[in-house]
Amino acid sequence: MSAGVDGGPAIVLDKVNKWYGSLHVLRDVCLTVAAQERVVVCGPSGSGKSTMIRCINRLETHQEGRIIVDGTELTDDLHALDTIRREVGMVFQSFNLFPHLTILENCTLAPMRVRKMPRREAEALAMGYLERVRIPEQAGKYPGQLSGGQQQRVAIARALCMKPRIMLFDEPTSALDPEMIKEVLDTIIGLADDGMTMVCVTHEMGFARQVAHRVVFMDRGEVVESGTPGEVFEAPKTERLRGFLGQVL
Ligand code: ADP
Ligand code: MG
């Protein structure tokens with residue numbers, strides 16, 4: 001397993017607490033993700049999975065505890081924010097592509113604006129990733145002309161264009177029709193084969209078994225159990241996890 005900065009873990013959450021008003025949504029969450037580790041997060045709706053992922057990317061702020069990404073602690077410091085945005089790629093349930101930009105423009109926007117990459121270079125990079133997700137022929141189209149599965153693959157390519165060290169996925173297939181789920185999961189599996197560090201919220205348990213080094217089960221803002229897919233799926237320790245698995249498996 002290759003090391004993160006200073007050989008340290010890619011992501012550390014240490015007793016993270018977050019409230020929305022009086023609603024306590026993350027409760028003493030502790031999670032360490034090693035460089036090149038692949039973690040699948042599952043749990044009932046409303047258990048805080050998205051909030052945790054969004055805190056790692058600083059789309060949300062936590063109130064207590066520490067979050068350290070590739071050696072940088074997340075604070076209000078602009079340098080920290082900048083580092084995180086460069087190191088961490090994120091793919092959401094809804095693809096969030098810019099509808100008025102072509103597929104290629106969606107992919108080159110951030111490298112050109114944030115990384116100050118010349119257009120030619122950004123386009124070559126983007127075409128490389130569009131080939132990776134097997135839709136280079138769609139480069140000149142607009143998002144509305146693509147299927148949901150294709151749009152999600154563009155969203156993945158777009159995130160990769162920033163050359164992130166870590167990828168976060170928040171239910172990347174739950175807005176897709178069943179026949180498109182596999183093409184998106186296969187794309188993510190391809191990244192896994194490259195050794196990308198990833199945290200993926202999903203209820204696709206077959207996918208979890210195939211790619212996850214570790215499965216984390218959250219319920220009501222807490223990390224309730226964590227272990228290998230075998231441990232979590234075949235030998236759940238808590239009633240809460242048994243109940244959840246009974247519903248999704
Ligand atoms: P999950 O992703 O596991 O379904 P979320 O992290 O989205 O859970 O939500 C955790 C809890 O926080 C839920 O009770 C949800 O209603 C609440 N919540 C999420 N986002 C907000 C927000 N922006 N403002 C207020 N409450 C929120
Ligand atoms: Mg969610």
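**Exercise 1. List the residues that H24 is in contact with, leaving aside its neighbours within four places in sequence. Then place H24 in the fold and classify its exposure.**

Solution.
1. The contacts of H24 beyond four places in sequence are N17, K18 and W19. These come from a predicted model.
2. H24 sits in strand β2, residues 23–33.
3. Its relative accessible area is 22%. Buried requires under 20%, and exposed requires over 50%. H24 is therefore partly exposed.
4. For a long-range reference, take E87, 63 residues from H24 along the chain. The two C-alpha atoms are 28 Å apart.

**Exercise 2. Treat Y20 and T51 as a pair: find their elements, their exposure and their contacts.**

Solution.
1. Y20 belongs to strand β1, residues 11–20. T51 belongs to helix α1, residues 49–56.
2. Y20 has 34% relative accessibility, so it counts as partly exposed. T51 has 10%, so it counts as buried.
3. With neighbours within four places in sequence set aside, Y20 is in contact with V25, T51 and E60.
4. Under that exclusion, T51 is in contact with K18, Y20, V25 and L26. Y20 and T51 thus appear in each other's lists.
5. Now check Y20 against Q63. They are 43 residues apart in sequence, with C-alpha atoms 9.9 Å apart in space.

**Exercise 3. Examine the positive phi values of D28, R58 and G195.**

Solution.
1. Start from the background: most residues other than glycine have a negative phi.
2. D28 has phi near 50 degrees and is not a glycine. D28 lies in strand β2. At 47% relative accessibility, D28 is partly exposed.
3. R58 has phi of about 60 degrees, again without being a glycine. R58 lies in the loop between α1 and β4 (64–69). Its relative accessible area is 11%, so R58 is buried.
4. G195 follows α6, with a positive phi near 85 degrees.

**Exercise 4. Test the lengths of α5 and α6 against 1.5 Å a residue.**

Solution.
1. Helix α5 covers residues 148–160, which is 13 residues. The expected span is 1.5 Å times one less than the number of residues. That gives 18 Å for α5, and its end C-alpha atoms are 18 Å apart, so the two agree.
2. Helix α6 has 16 residues and should span 22 Å. Its end C-alpha atoms are 23 Å apart, which agrees.
3. Next, check burial. In α5, 13 of 13 residues are buried.
4. The buried residues of α6 are M180, I181, V184, L185, T187, I188, I189, L191 and A192. They pack against β3 (38–42), α4, α5, β7 (166–170), β8 (197–201) and α7 (205–211).

**Exercise 5. Describe the largest nonpolar core and the separate second core.**

Solution.
1. Begin with the general tendency: in soluble globular proteins, nonpolar side chains tend to be buried together.
2. The largest core holds 51 residues. L130, I156, M167 and F169 have the most contacts inside it.
3. Helix α6, residues 178–193, gives the most to this core, with eight residues.
4. Take F169 and leave aside neighbours within four places in sequence. Its contacts are I53, V91, I156, I188, L191, M198, V199, C200 and V201.
5. A second, separate core has 26 residues, including I11, L31, L168 and V216.

**Exercise 6. Characterise the largest pocket by volume, lining and residue class.**

Solution.
1. The pocket contains about 510 Å³ of space.
2. Its lining has 18 residues. M90, A110, R158, A159 and M162 lie nearest the centre.
3. Sort the lining by class: 11 nonpolar, four polar and three charged.
4. Map the lining to elements. β6 (88–91), α3 (103–113) and α5 each give two or more residues. α3 gives the most, with four.
5. Turn to the packing of α3. I103, L104, N106, C107, T108 and P111 are buried there. The buried residues of α3 pack against α4 (119–132) and α5.

Note on methods
Residues are numbered from 1 along each chain as its sequence is written. Chains are lettered from A and ligands numbered from 1 in the order in which they are written. This is a predicted model: local features need pLDDT of at least 70, side-chain atom pairs count only at pLDDT 80 or more; totals for chains, interfaces and linings use all residues. Side-chain values use heavy atoms; hydrogens and water are left out. Buried means under 20% relative accessible area, exposed over 50%, partly exposed in between (1.4 Å probe, protein chains only). A nonpolar core is a set of buried Ala, Val, Leu, Ile, Met, Phe, Trp, Tyr and Cys residues joined through side-chain atoms within 4.5 Å. Contact means heavy atoms within 4.5 Å. On a 1 Å grid over the protein atoms alone, a cavity is a set of points where a 1.4 Å probe fits but cannot get out, and a pocket is an open set with protein on both sides within 12 Å along at least five of seven lines; lining residues have an atom within 4 Å of a point. Grid points are joined across faces, edges and corners, and a volume is the space filled by probe spheres set on the points. Ala, Val, Leu, Ile, Met, Phe, Trp, Tyr, Cys and Pro count as nonpolar, Asp, Glu, Lys and Arg as charged, and the others, Gly among them, as polar.
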